[in-house]
Amino acid sequence: MKKEAISSLAYVDAKKTSMLVFETLYSAMQRGWNKSDIYEIISRLNRVDKNMKIDIYRSSKVAELFGEIEKDKKVRETLPSIKKAMTGQELLDISNDDFIKYDYPVIAKNECLKCHVNAEVGTVLGVIDVSYPIENLKISLNEMINFFIIFIIVFSIVIFVAIFFELNLHLIKPIKNFSNVISNITKSNDITKRVEVTDNIEEIDSIKNTFNMMLNSIEHQFYHDTLTGLENRKKLTEKLEQGKTSFLMIINIDSFQEINDLYGDQVGDIILKEFALFLRKMIPEKGQIYRLHSDEFAYMCQDAIDLTDFKNFAAFLSDHISKKSFTIDSKGEVSLTATIGISYGSDALLTNADIALSIAKKSRKNYLVYEDSMAMVKEYEKNLDWTKKLKKAMDEDRIVPLFQPIVDAKTQQIVKYESLIRIIDNDGGYIAPIHFLELSKKNKLYHKLTKIMIEKTFKKFENLPYFVSINLSVEDILNKEIHAFIIDKLKNSPVRNRVVFEIIESEGIENFTQVIDFINDVKQYGVKISIDDFGTGYSNFEYLMKLKVDYIKIDGSMIKNIDVDTNSQMITQTIVEFAKKMKIQTIAEFVCSKNVFDKIVDLEVDYAQGYYFGKPTEL
């Protein structure tokens, strides 16, 4: 019963914590952060509470694509709980009465497959491991639950002996009703509910009051910060989720870590408590103050108020914080300053206020109100950071091609490779082009990457007997410098009659004549032409007849489920039949399993490419 109580109270909180960690990491990865950035996030999370520990372990599927980490491999092989979580099971371990350990499997969704191309929906990509004492979750449950269990047992025995003959009428039925009410509260995971019973039995009424008092204590500690007594981030989040129009400001104490470093955490806690009392006195009664974490507080007002008045109050509050002296001991005082980020409306208030706060700090403003343009500034900062990374990778010769095999569907022998661009990161792993290729176009680095890939691919295959395909966009084809560079390479390279250029543009070709001219120019040197991702974009048969291509690469979105999707089978069969009449060979990409391969063989596709035959690697 004790474990069930702890489990019921802990599960939702632990899962939400894990999901918050995952969404933080996923957002970072979407922005192109590398492993070092991700580990910095985890390290910062672990510094929030010295008693809490967060670990992230990648699955073997992720290791296949982005490189193995020895620690992850060792944990997957040695820890039973991580092994089980890697199969998709959520594990809440409360075998130790004072400690909770929760393993949350990260399950691949459709949007994850953009980067994790070797995975499927439902594949486990890793495990988030969160560990912390029970007392840090909500309250220390042992004493209250032990008392509650002993009280129920003793009470039941005494009553049973005293009124044996009227047991059912006076005890069993009322206790059953009481138990059902408690069970309903437990199953609902709503700690704001209270026990209400109608039986006029003094003893049960006493138990009801005791249980409700316990719930009061749990709810208070669940929604309140233990240091300052203020309501916490969870309480603020739930209020904001109601969707009411609100005004919100995040108040961040400037350089507070320096105070902790200089005076110690104990003195820092004293200042935080005094700062919370100061805010309570300053904040109007119609608003509410919250402690979000560490040195950050929030003030929310849902009453009718003018934005100008709210901004004026922010200026007033900032000024009074800077004039206030905070006592650190009987002899010393410190002065503080704070930066304030403001948002208003009904959507994404916390995120928007945080963006305004970040920009206010960088621009050395006391406060700023969020505007839509600020989101663009944050995006620009990310792009600027990636531009620096990309330029540095080019300067340090860390732009490399990896090669994925393409096999003859009849013999299953490798006959050619596709050259795929990657960046080698500082840890020796590979960064996929989804993180930098579009950005390179905006920063006029794209054509330099094309040259690097052609140069390195040609050199790699000078002494290899295979065909090799290189991706070209229509933008590359229309660029006079790239056009001339390609012709020059073909004139002087022994690889030229084993090169296939894959046209990867996904939009309609507007400069049709120039594309045909390019195809005619390179075909003079024995080059083959392939249309990539056929089945999407400009995939129509009229283009194929005009472009005189040698290969059609059937889009992976149709191939990966072709063994079970009849629509994909019909479309692919139509493409193959047309291609055969036009004497064009077909290639199926994203061949991930034997069932998929067997189906494309049945449909008479000529070549196959995908993880079933090999992932992109160095040769």
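Which residue is the bridge partner of Ile251 in E11? The exercises below lead to the answer and then go on to other parts of the chain.

This is a predicted model, in which local features need pLDDT of at least 70 and side-chain atom pairs count only at pLDDT 80 or more, while totals for chains, interfaces and linings use all residues. Residues are numbered from 1 along each chain as its sequence is written, and side-chain values use heavy atoms, with hydrogens and water left out.

**Exercise 1. Find the partners of strand E6 and place E6 in its sheet.**

Step 1. Begin with the elements themselves: helices (H or I, at least four residues) and strands (E, at least two) are DSSP runs numbered from the N terminus, and the protein chain has 24 helices and 21 strands.

Step 2. Two strands pair if DSSP finds at least two bridges between them. Strand E6 (residues 246-253) and strand E11 (residues 338-345) pair in the antiparallel sense over eight bridges.

Step 3. Within this pair, the bridge partner of Ile251 is Ile340 in E11, and Ile253 stands opposite Ala338 in E11.

Step 4. E6 is also joined to E8, through six bridges and in an antiparallel manner, with Ile250 opposite Ala298 in E8.

Step 5. These strands belong to an open sheet of six strands in the order E5-E7-E8-E6-E11-E12, with mixed pairing. Its edge strands, each pairing on one side only, are strand E5 (231-232) and strand E12 (367-369).

**Exercise 2. Decide how far E6 is covered, and name a helix that lies across the sheet strands.**

Step 1. Buried means under 20% relative accessible area, exposed over 50%, and partly exposed in between (1.4 Å probe, protein chains only). By this rule eight of the eight residues of E6 are buried.

Step 2. Both faces of E6 are covered, with Ser246, Leu248, Ile250 and Asn252 on one side and Phe247, Met249, Ile251 and Ile253 on the other.

Step 3. Helix H10 (residues 233-240) lies across E5, E6, strand E7 (288-293) and strand E8 (296-301), and it runs at about 120 degrees to E7. Here axes are lines fitted to C-alpha atoms, for helices over the stretch in contact (heavy atoms within 4.5 Å), and angles run from 0 to 180 degrees between N-to-C directions.

**Exercise 3. Follow Tyr102 from one strand pair to the next.**

Step 1. Strand E2 (residues 91-93) and strand E3 (residues 99-107) pair in the antiparallel sense over three bridges, and the bridge partner of Leu92 in E3 is Tyr102.

Step 2. E3 pairs with strand E4 (residues 124-133) as well, antiparallel and over nine bridges, where Tyr102 stands opposite Val130 in E4.

**Exercise 4. Locate Ile486 in the largest nonpolar core and examine the helices H19 and H17.**

Step 1. A nonpolar core is a set of buried Ala, Val, Leu, Ile, Met, Phe, Trp, Tyr and Cys residues joined through side-chain atoms within 4.5 Å. The largest has 51 residues, and those with the most contacts inside it are Ile486, Phe501, Val522 and Ile600.

Step 2. Apart from this core lies another, of 33 residues, which include Leu230, Val267, Ile283 and Ile340.

Step 3. Leaving aside its neighbours within four places in sequence, Ile486 is in contact with Ile454, Leu472, Phe501, Phe518 and Val522.

Step 4. In H19, the buried residues are Ile482, Phe485, Ile486, Ile487, Lys489 and Leu490, and they pack against H17, strand E16 (467-472), helix H18 (474-478), strand E17 (499-503) and helix H20 (512-523).

Step 5. In H17, Tyr446, Leu449, Thr450, Met453, Ile454, Thr457 and Phe458 are buried. They cover an arc of only 155 degrees around the axis (taken from the directions from the helix axis to the C-beta atoms), which puts them on the same side of H17.

**Exercise 5. Contrast the surroundings of Leu544 and Lys583.**

Step 1. Leu544 has its place in helix H21 (residues 541-547), and because its relative accessibility is 2%, Leu544 counts as buried.

Step 2. Leu544 and Ile531 are 13 residues apart in sequence and 8.4 Å apart in space, C-alpha to C-alpha.

Step 3. Lys583 is found in the loop between helix H23 (566-581) and strand E20 (585-588), and at 76% relative accessibility Lys583 counts as exposed. Although Lys583 is not a glycine, it has a positive phi of about 60 degrees.
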